[in-house]
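Reader: I would like a close look at a single part of this chain. Pick one, place it in the whole, and then take me through its side chains.

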Amino acid sequence: MAQLAALDVSVWLTAAALSLVGTIIAFGLFVKGLEKMPAAKAAVFTVFEPFTAVMLAVFLLGEQLGVLQSVGVFLIIAVAVLNAVGKKEKMEQALG
């Protein structure tokens, strides 16, 4: 803890700016974008958001997926497929 207190003010300002711009503002814009689209399309984006984060970490940062992360990726894809199949069936029923 003493090491954190000893950091220069410029380090703290840089960390605050990265947090504000890279996380809070970006997520706020993401949510505002979701509000402007139909719920069905927004649902697709919210399902794939964690998948995109994991894939970016793997390909850009060189992270390696463990067993739990791999299961999580599989579940995200499975939910997206089930969601798409369910919508297709509902659409076919509505059209007769």
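Author: The secondary structure of the chain comes to 4 helices and 0 strands. From the N terminus on, the order is α-α-α-α. This is a predicted model. The chain has 96 residues, and 8% of them count as buried. About 7,900 Å² is exposed, with 74% of that area supplied by carbon and sulfur atoms.

The part to look at is helix 2. Helix 2 covers residues 9-35, which is 27 residues. From first C-alpha to last, helix 2 reaches 37 Å. The expected figure, at 1.5 Å a residue, is 39 Å, and the two are close. Helix 2 does have a kink. The kink is about 30° and is centred on leucine 20.

Now the side chains, beginning with valine 11, which is found in helix 2. Is valine 11 buried, partly exposed or exposed? Its relative accessible area is 39%, so valine 11 is partly exposed. Valine 11 also belongs to a nonpolar patch on the surface. The other members are Met1, Leu4, Leu7 and Trp12. Together the five have about 540 Å² of accessible area. Why can valine 11 be in such a patch? A patch residue needs over 30% relative accessible area, and valine 11, at 39%, meets that cut-off because 39% is over 30%.

Next come the rings. A search of the whole structure finds 2 aromatic pairs. Phenylalanine 27 and phenylalanine 30 form a tilted pair, with 6.1 Å from centre to centre and 35° between the planes. Both phenylalanine 27 and phenylalanine 30 lie in helix 2. They are 3 residues apart, about one turn of the helix. There is a simple reason for such spacing to matter. An α-helix has 3.6 residues a turn, so residues three or four places apart point the same way. Phenylalanine 27 has 46% relative accessibility and counts as partly exposed. Phenylalanine 30, at 27%, is partly exposed as well.

The remaining aromatic pair is phenylalanine 48 with phenylalanine 51, and this one is edge-to-face. The ring centres are 5.9 Å apart, and the planes meet at 75°. Phenylalanine 48 and phenylalanine 51 lie in helix 3, residues 39-61, again 3 residues apart and about one turn of the helix. Phenylalanine 48 is partly exposed at 29%. Phenylalanine 51 is buried, as are Ala42, Met55 and Ala57 of helix 3.

Helix 3 makes a useful comparison with helix 2. Its 23 residues should span 33 Å at 1.5 Å a residue, and its end C-alpha atoms are 32 Å apart, which agrees. Helix 3 bends too, by about 35° at phenylalanine 48. A proline, proline 50, follows within four residues of that bend. Just after helix 3, glycine 62 takes a positive phi of about 75°.

Back to helix 2 for its C-terminal charges. How many salt bridges does the chain count? The count comes to 1. The side chains of lysine 32 and glutamate 35 form a salt bridge, at 3.6 Å from N to O. Lysine 32 and glutamate 35 both lie in helix 2, 3 residues apart, about one turn of the helix. Lysine 32 is exposed, and glutamate 35 is exposed too.

To sum up, helix 2 carries a kink at leucine 20, a tilted pair of phenylalanines and a salt bridge between exposed residues.

Notes: Residues are numbered from 1 along each chain as its sequence is written. This is a predicted model: local features need pLDDT of at least 70, side-chain atom pairs count only at pLDDT 80 or more; totals for chains, interfaces and linings use all residues. Side-chain values use heavy atoms; hydrogens and water are left out. The expected span of a helix is 1.5 Å times one less than its number of residues. The bend at a residue is the angle between axes fitted to the seven residues ending there and the seven starting there. Buried means under 20% relative accessible area, exposed over 50%, partly exposed in between (1.4 Å probe, protein chains only). Accessible areas come from the Shrake-Rupley method with a 1.4 Å probe; for residues, only the protein chains shown count as cover. Patches are made of residues with over 30% relative accessible area and no salt bridge: like charges are joined within 9 Å, nonpolar side chains (Val, Leu, Ile, Met, Phe, Trp, Tyr) within 5 Å. A salt bridge is a side-chain nitrogen of Lys or Arg within 4 Å of a carboxyl oxygen of Asp or Glu. Rings of Phe, Tyr and Trp (its six-membered ring) pair if their centres lie within 6.5 Å; planes under 30 degrees apart count as stacked, over 60 as edge-to-face and the rest as tilted.
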